[in-house]
Amino acid sequence: MLSYAFFAGLWILLSDRAMGLLLSDPAALVQASMLKGWFFVAVTTLLLYVLVGRLVSQLDAAHQRELDYEHAQKQPPPMLVAIADASDEAIFAKDMAGRYLLFNNAAARLVGKSAEEVLGQDDRALFPPEQAELIMANERHIRESGQTRTIEVVRDTFQGQRVLLATKGPLRGADGRIFGTYGISRDITERKQAEAQLREREHQLGAIVDNSPSALSLKHPDGRYALANPNLQRIHHLSEAEIIGKTDFDLYPEATARSFRDNDLLVLKSMARHSIEEIVPVDGVAHIYLSHLFPVLDNEGKAEFICRISLDITERKIADENIKRRNEELEHFSHAAIDRELRMIALKREVNELARVAGRPAPYDTSFADGPGAKKAS
């Protein structure tokens, strides 16, 4: 601007004086003044154009430097990129438009694309349209609310459908303003599958325990109940919650409780399985139970519980006793019948001998008793 003012001042001062010296004709002087004016307008316009163009270039350069600075501020530092790439969890960062600024190796493996292919793109380049729109909508909510969220999500990835535990939150600059979002996703697919298998196994074991014909229990080494199945609950007319935490001394007469405790200690001492017949009072009547006791070990091989599976064998024992008694009776009758038969054979032989002495034929056939192994009548 100073150059323009200097040039304009010289032009006005010198051009008028020069025309006064060169031209004396008033008409010619007017014509020359007009030409001088147009020349001045053209020169000043050109000068202003150059000056304004230079100013615009300077402004553009300043604006570009500001944009480059802001872009550089948003780019993760190399150390952060190296740390993220070393993690097994998928880590990313996005700008306000949802375009990726950071995409680590674990995230790249998950989507089957390199970080170079992903950076600068949004989720529509990685996921099916419906999933991409849902992801972008959730992250817009995070940017607007400024809140961090941790949720389980299901994603269709290069490795198939995976379950991810995703933590997402806003990215803030030094001034506290939000300039994007970040995310850390842990692949928990195997864990979820293991949990589902564990739940199924627990369901199966629960069905077995609940429907077992035996009275089944788990006790801590100190004798406190940790589990009591429905059959054991029916024996005591108590719910499982009312049994858990109690000991046999709270549930049985002293002698029975002492016997149970001795058997428990035998299992703890031997760390082996034992099958023992136990007398259990049920509604005031003594029942005989065949109990299988064994220790349940923890990961360190220590007894965490004592398991007792007891089957009421009272009726079977009574039946066995009846069978034994009947067998004894049958054996007695059998011996008696054999003795009578032997006496009859002896009498027939005596009669036959008397007939032979009298010169008569023997009236009885006793040859069946004269074969090998036949018992002789005494």
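Two strands count as a pair when DSSP finds at least two bridges between them. Keep that idea in mind for this tour of a predicted model.

**Stop 1: the whole chain**

Start with everything in view. The chain has 378 residues, and 28% of them count as buried. Its secondary structure comes to 12 helices and 10 strands. If you switch on a surface, you are looking at about 25,100 Å² of exposed area, with carbon and sulfur atoms supplying 59% of it. Among contacts between residues at least 6 apart in sequence, 38% join residues at least 24 apart.

**Stop 2: two hairpins in a row**

Now select residues 149–157, which is strand β3, together with residues 160–172, which is strand β4. These two strands run antiparallel and are joined by nine bridges. How many residues lie between β3 and β4 in their hairpin? There are two. To see the pairing up close, show V153 and find L164 of β4 standing opposite.

Keep β4 on screen and add residues 178–187, strand β5. Here too the strands run antiparallel, with nine bridges between β4 and β5. Pick A166 and look across to S185 in β5, which stands opposite. β4 and β5 also form a hairpin, this time with five residues between them. Click on G176 in that turn: its phi is positive, at about 90 degrees.

**Stop 3: a patch on a helix**

Next, select residues 26–74, helix α2, and find Y49 within it. Is Y49 buried or exposed? With a relative accessible area of 65%, Y49 is exposed, because exposed means over 50%. Now add L46 and V50: together with Y49 they form a nonpolar patch on the surface, and the three have about 350 Å² of accessible area together.

**Stop 4: a buried arginine**

For the last stop, go to strand β10, residues 303–312, and select R308. Its relative accessibility is 5%, so R308 counts as buried, the cut-off being under 20%. Show side chains and look for E278: the side chain of R308 makes a polar contact with the side chain of E278, at 3.1 Å.

What else is in contact with R308, leaving aside its neighbours within four places in sequence? Besides E278, you can show A215, L216, S217 and K219, then F260, N263 and D264, and finally S291, H292 and L293. Display these residues around R308 to see which parts of the sequence meet this arginine.

Definitions and conventions: Residues are numbered from 1 along each chain as its sequence is written. This is a predicted model: local features need pLDDT of at least 70, side-chain atom pairs count only at pLDDT 80 or more; totals for chains, interfaces and linings use all residues. Side-chain values use heavy atoms; hydrogens and water are left out. Helices (H or I, at least four residues) and strands (E, at least two) are DSSP runs, numbered from the N terminus. Buried means under 20% relative accessible area, exposed over 50%, partly exposed in between (1.4 Å probe, protein chains only). A polar contact is a pair of N or O atoms within 3.5 Å; within protein, one must be able to donate a hydrogen and the other to accept it, and residues adjacent in sequence count only if both atoms are side-chain atoms. Contact means heavy atoms within 4.5 Å. Patches are made of residues with over 30% relative accessible area and no salt bridge: like charges are joined within 9 Å, nonpolar side chains (Val, Leu, Ile, Met, Phe, Trp, Tyr) within 5 Å. Accessible areas come from the Shrake-Rupley method with a 1.4 Å probe; for residues, only the protein chains shown count as cover. A salt bridge is a side-chain nitrogen of Lys or Arg within 4 Å of a carboxyl oxygen of Asp or Glu.
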